[in-house]
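Please read these points with the sequence and the model side by side. They are meant for someone who has not looked at this structure before.

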Amino acid sequence: MTALAGIERLETTAFWHPGAEAPRQEVYVTLGEAELVVQDFAGTALSHWSLPALVRRNPRRMPALYAPHEEAGEELEIAEPEMIAALDRVVSAVETGRRRPGALRRLLLATAVVAALVTMLAWLPGALRRHAVDIIPPAQARDIGDRMLDALARRAGPTCNSIPGDEALATLRQRLAPTRPLRLAVLRELEPPALALPGNLIVLSNRTLDSHDDPDVTAGHLLASIVTARTAPPLRAFLRDLGLVDLARLLASGRVPDHAVASRVEALLADPPELPVDERLRAAFDAAHLAWAPWADATGRPTAGAAPSDMPPSLDDTAWLALRDICR
């Protein structure tokens, strides 16, 4: 046994108790590599004890009492300090060996539990957000979009409306997304040309109307936001930024706190969504029968291969003037 490393052989006298009814007798005890041998003084072996089963019955008391195992009636009473030290090393090593499997099991169990919790915590938010995207009804998505529009209006001025301007927006909506329940709004001082919000809501900046004379540029900004919303749905982005507690509250009660709406609006203004690649945008322009070159020129995109367009303008002059006057 490693507990006896450096000790080749120990011998001492001791008192042996064979059992409860038998008288004790003085014996000779020899400690070997794997067993303890009890002999009488004539050299006859009286008992052999396996060291891995050895137990001490009176720790830290003298003389030391040892037994071959827990339930044994047999017992040795030893007073020799060197022999006691060696046997105690054996007992300690055995006890450590007995405890280690349990400790290892507990360690493995604790590690598995921690790993499961880490995995669950890493997986749960994403799973909840994917679940929320699937189950949030359109009316609730519209409500979130309207609340974000109100928050934007506090930063970029109130929503602009006029009867002729609203009719022009309806014409654009029919041209760009005839089969979708698209909603359009105009804000006076919105910094990005256009932004997509949850609930199929696209917000257009009045600055865009003032800075370009061609209605196809404005229509291009709206269409680019529509395509971006298909690639990166605004509701998904809103839920991505939502804290786990607020997300759970939304799923449980349908309520979204004001601070979550305000936080998403701030993030949207600071980092507007990146537009899709030009090839995808050009395909959408073609599908909407909208000329590519006016918007591409206004935004610094390549117009190579864009022949002069025979597509009809997105708005006639009367509707375009009405739209440009919507915030006046």
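1. A residue is called buried under 20% relative accessible area, exposed over 50%, and partly exposed in between. With a relative accessible area of 57%, D258 is therefore exposed. The model discussed here is predicted.

2. Overall make-up. The protein chain has eleven helices and ten strands. Of its 328 residues, 41% are buried. The accessible surface of the chain is about 17,800 Å², and carbon and sulfur atoms account for 56% of that surface. Among contacts between residues at least 6 apart in sequence, 56% join residues at least 24 apart.

3. Salt bridges in general. How many salt bridges does a search of the whole structure find? The search finds eleven. The next points take up several of these, with the elements and the exposure of the residues involved.

4. R24 and E77. The side chains of these two residues form a salt bridge, with 3.3 Å from N to O. R24 sits in the loop between β1 (10-17) and β2 (25-31), and E77 in strand β7 (residues 75-78), so the bridge ties together parts of the chain that are 53 residues apart in sequence. R24 counts as partly exposed because its relative accessibility is 44%. Setting aside residues up to four places away in sequence, E77 touches A14, F15, H17, R24, P63, A64 and L65.

5. D258 and R147. A salt bridge of 2.7 Å, N to O, joins the side chains of D258 and R147. Because D258 belongs to helix α8 (residues 258-270) and R147 to helix α2 (residues 138-156), the pair ties together parts 111 residues apart in sequence. The exposed partner is D258, at 57%, while R147 is partly exposed, with a relative accessible area of 22%.

6. R324 and D213. Here the side chains meet in a salt bridge of 3.2 Å, N to O. The pair links distant parts of the chain, 111 residues apart: R324 is in helix α11 (residues 317-324), and D213 is in the loop between α4 (206-211) and α5 (215-231). Are the partners buried or exposed? R324 counts as buried, at 17% relative accessibility, whereas D213 counts as exposed, at 63%.

7. A network. Salt bridges also link D210, D325 and R328 in a network.

8. The disulfide. The structure holds one disulfide. This disulfide joins C160 to C327, with an S to S distance of 1.9 Å. C160 is in the loop between α2 and α3 and C327 in the segment after α11, so far along the chain that the pair links distant parts, 167 residues apart. The link is right-handed, with 105° about the S-S bond. Both C160 and C327 are buried.9. Nonpolar cores. The largest nonpolar core has 35 residues, and those with the most contacts inside it are L176, V186, I202, L223, L323 and I326. At least two residues of this core come from each of α3 (163-176), β8 (183-187), β9 (194-197), β10 (201-205), α5, α9 (278-287), α10 (293-299) and α11. Which element gives the largest share? That element is α5, with seven residues. Leaving aside neighbours within four places in sequence, L176 is in contact with A219, L222, L223, I226, A288 and L290. Another core, of 28 residues, lies apart from the one just described, and L235, L247, V265 and L268 are among its members.

10. R183. This residue is found in strand β8. R183 is buried, with a relative accessible area of 16%. Where do the polar atoms of the R183 side chain make contact? One polar contact, of 2.8 Å, joins the side chains of R183 and D146. In addition, a polar atom of the R183 side chain lies 3.2 Å from the backbone oxygen of G199. Apart from neighbours within four places in sequence, R183 is in contact with R142, D146, P198, G199, N200, L201 and I202. The C-alpha atoms of R183 and V203 are separated by 8.5 Å, and these two residues are 20 apart along the chain.

Definitions and conventions
Residues numbered from 1 in each chain as written. Predicted model: local features only at pLDDT ≥ 70, side-chain atom pairs only at ≥ 80, totals over all residues. Heavy atoms only, no water. Salt bridge = Lys/Arg side-chain N within 4 Å of Asp/Glu carboxyl O. Helix = DSSP H or I, 4+ residues; strand = E, 2+ residues; numbered from the N terminus. Buried < 20%, exposed > 50% of the residue type's maximum accessible area, 1.4 Å probe, protein only. Core = buried A, V, L, I, M, F, W, Y, C linked by side-chain atoms within 4.5 Å. Contact = heavy atoms within 4.5 Å. Areas by Shrake-Rupley, 256 points an atom, 1.4 Å probe, with all protein chains shown as cover. Disulfide = S-S within 2.5 Å. Polar contact = N/O pair within 3.5 Å; in protein donor to acceptor, adjacent residues only side chain to side chain.
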